[in-house]
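Trainee: I'd like a close look at one small spot and then a walk outward from there. Could you keep the cut-offs explicit as you go?

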Amino acid sequence: MRQGNLRIGQILINSGDITEEQLDQVLLKQKTSKKRVADILIEDGIVTEQQVCKALEKQLFIPYIDLDTIQIPEDLGSIIPEDLAQQHMVVPIELEGRFLTVAIADPLNYQGIKDIGIATRYKIKPVIGEASKISIKLREMYATKKAIDDAQAFLESKGGKTQAQIEAEEAAQNDASGNDQPIIRFVNNMIEEAIYSKTSDIHIEPMEKCLRIRFRIDGKLQKYMETAPELIPSVTSRIKFIGNMNIAEKRIPQDGRINYRVGGKDIDFRISVLPSIFGEKIVMRITTSLGMELKKENIGFLPENLEKFNHLVKSHRGIILVTGATGSGKSTTLYTALHEVMGEDINIITVEDPVEQIQPGITQVQTNEKAGLTFAAALRSILRQDPDIIMLGEIRDGETAGIAVQAAITGHLVLSTLHTYDAPSSVARLIDMGIEGYMVSSALLGIIAQKLARRLCTSCKEAYNPDKNERLGLRIPEDQQITLYRPVGCEKCNKKGYKGRIAVHEVMLLTTKLKRAITDGVSTDELRDLAIEDGMIPMKENVRIDVLQGLTSYEEYIDMTISND
């Protein structure tokens, strides 16, 4: 049998990746699913995408390429029509003279290679790439181009700025699921690109001469695009409409919420609209934890802190506080704690403003200040609902703090957040709210302070020997051999050197010694020293450990801890 006539199943048998019996089972399944043999093998976990690619490379003498290491020139985006590239799972990666090199998921798809050659009028040199990575490259290649094209199409369809403003509301009120208007496609493409980029916030900013859109990725704002200012009223109206806000009202701030479905997953957004001199600025916060399951192992606790976290969530009464700045992942930690304890025999009720993540099996209450449903009012009503566990989105004032303390003392487990930088200062914050020290020490179980550090990209981080200043800063003896890592930048991390974030903590358990100290009214500094004596790992030490383990950089350590020195 000639190599070119072999089927993928036989190629994988020849390479030793699967057995005849496994192929027979997959072929039976294929009769009903109508999927490709390779797709079924990958879905069932029998082989990986890379195994398939490597087997094809060996059998067909067509090279495999890791697309994570490849930067595709921007001018190649227009060579292959998007629908054809998506149909055959092909992405162009290099043009040299009359030869176009393309990565293809199925090199046995000879018709697809032929179609690409006819469409581009180039001689095609195929290389093999994973389908999942080709999909990512196609999205990167065409998403921004589509947004720009949709913006241009919208502008060309209007007679000018005045006409665009007149028709903005009409365009906004069409249903996105079935409408083909450019402004709707523009907003949809922006949202989907933000989701795929693991963005936490989308900033839509009206400027005098442009509309600027930025994504906050790994804690840093990055420009997505700038487009004509004529789009400002149309984009604003569209987002306000899908967020159930008043489109006609442009003088006061508004808040809204949308649920967007992409890739088979529902994504929740919290929307804030703020009037500015050039239009309304919109910030869309993605409240769904993208790519993260609510498991305690995913939070990033050190082993010692994970043990303390387990101890806290197993408690039946008292207050557990999670503290930190806005955007530090407090809500995710709270939801994870709830996920750990929820069950059919537990009644859990939350009070939030707003409800950030819908959690099946939990009663969630949205506050409404205008209607009088404040945190304190909701908490009073909740206590008559026979709760076992209460989660408050935030303790904002003395009244709410007082009721939470009473609930904890009377036998409820209360979880909530405070906006303080570290664990010991949370005690002073509660006392400042009017809670007596002896009440704080009686009700409080523990405090988890949290902050997010940027995680070094595992594909490009560079090893090096620390210099004298770094050794001094990290308390590393001069004679100790140790390797640190620094950011470099590659295609996988968008040239940033960092990809994703890791949470750092300090977990302060309220031991008998600390309770007595709080009752006696010791200072925050004294309380911190006592907590460290009792085994609390300071946040600065947590970051230091992460640096020594190669998870983050020395620069990030300095950036995160300098305010503590």
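Trainee: Which helix is the place of Ala443?

Mentor: Ala443 sits in helix H16, which covers residues 437-443. Helices and strands here are DSSP runs (H or I over at least four residues, E over at least two), numbered from the N terminus. One caveat up front: this is a predicted model, with local features needing pLDDT of at least 70 and side-chain atom pairs counting only at pLDDT 80 or more, while totals for chains, interfaces and linings use all residues. Residues are numbered from 1 along each chain as its sequence is written, and side-chain values use heavy atoms, with hydrogens and water left out.

Ala443 is buried, with a relative accessible area of 1%. Buried means under 20% relative accessible area, exposed means over 50%, and partly exposed lies in between (1.4 Å probe, protein chains only). Leaving aside neighbours within four places in sequence, Ala443 is in contact (heavy atoms within 4.5 Å) with Gly318, Ile319, Val405, Ala408 and Ile409. Ile320 is 123 residues away from Ala443 in sequence, yet their C-alpha atoms are 9.1 Å apart.

Strand S10 (318-323) leads us on to helix H11 (residues 303-313), since S10 is among the elements covering the buried residues of H11. Helix H12 (330-341), strand S14 (413-418), strand S15 (444-456), strand S18 (498-509) and helix H20 (539-548) are also in that cover. The buried residues of H11 are Asn305, Leu306, Lys308, Phe309, Asn310, Leu312 and Val313. When you scan that list, remember that an α-helix has 3.6 residues a turn, so residues three or four places apart point the same way.

Next, a charged pair. Arg528 forms a salt bridge with Asp422, the closest N and O atoms being 2.9 Å apart. This pair ties together distant parts of the chain, 106 residues apart: Arg528 is in helix H19 (residues 524-533), and Asp422 is in the loop between S14 and helix H15 (424-432). Both Arg528 and Asp422 are buried. The rule for a salt bridge is a side-chain nitrogen of Lys or Arg within 4 Å of a carboxyl oxygen of Asp or Glu. That rule gives a count of 22 salt bridges, and Asp66, Asp68, Glu130 and Lys133 are linked in a network of them.

Now for the open sheet. Its six strands run in the order S6-S5-S4-S9-S8-S7, with antiparallel pairing (two strands pair if DSSP finds at least two bridges between them). Strands S6 (220-227) and S7 (254-262) stand at the edges with a single partner each, so one side of each has no neighbour in the sheet. The twist averages 20° from one strand to the next. S4 (residues 201-206) and S5 (residues 211-217) pair over six bridges, with Pro206 opposite Leu211, and four residues lie between the two strands of this hairpin. S5 also pairs with S6, over seven bridges, where Arg212 stands opposite Glu226. The hairpin of S5 and S6 has two residues between its strands, and Asp218 takes a positive phi near 55° there. S5 is mostly covered, as five of its seven residues are buried.

Two helices lie on this sheet. Helix H9 (residues 182-196) lies across S4, S5, S6, S7, strand S8 (265-276) and strand S9 (279-286), at about 75° to S7. Helix H10 (residues 232-242) touches S4, S5, S7, S8 and S9, and its direction makes about 45° with that of S9. For these angles, axes are lines fitted to C-alpha atoms (for helices over the stretch in contact), with angles from 0 to 180 degrees between N-to-C directions.

Salt bridges turn up here too. Arg214 and Glu205 meet at 2.7 Å, N to O, and both are buried. Lys240 and Glu280 meet at 3.1 Å, joining H10 to S9 across 40 residues of sequence. Lys240 and Glu280 are both buried as well.
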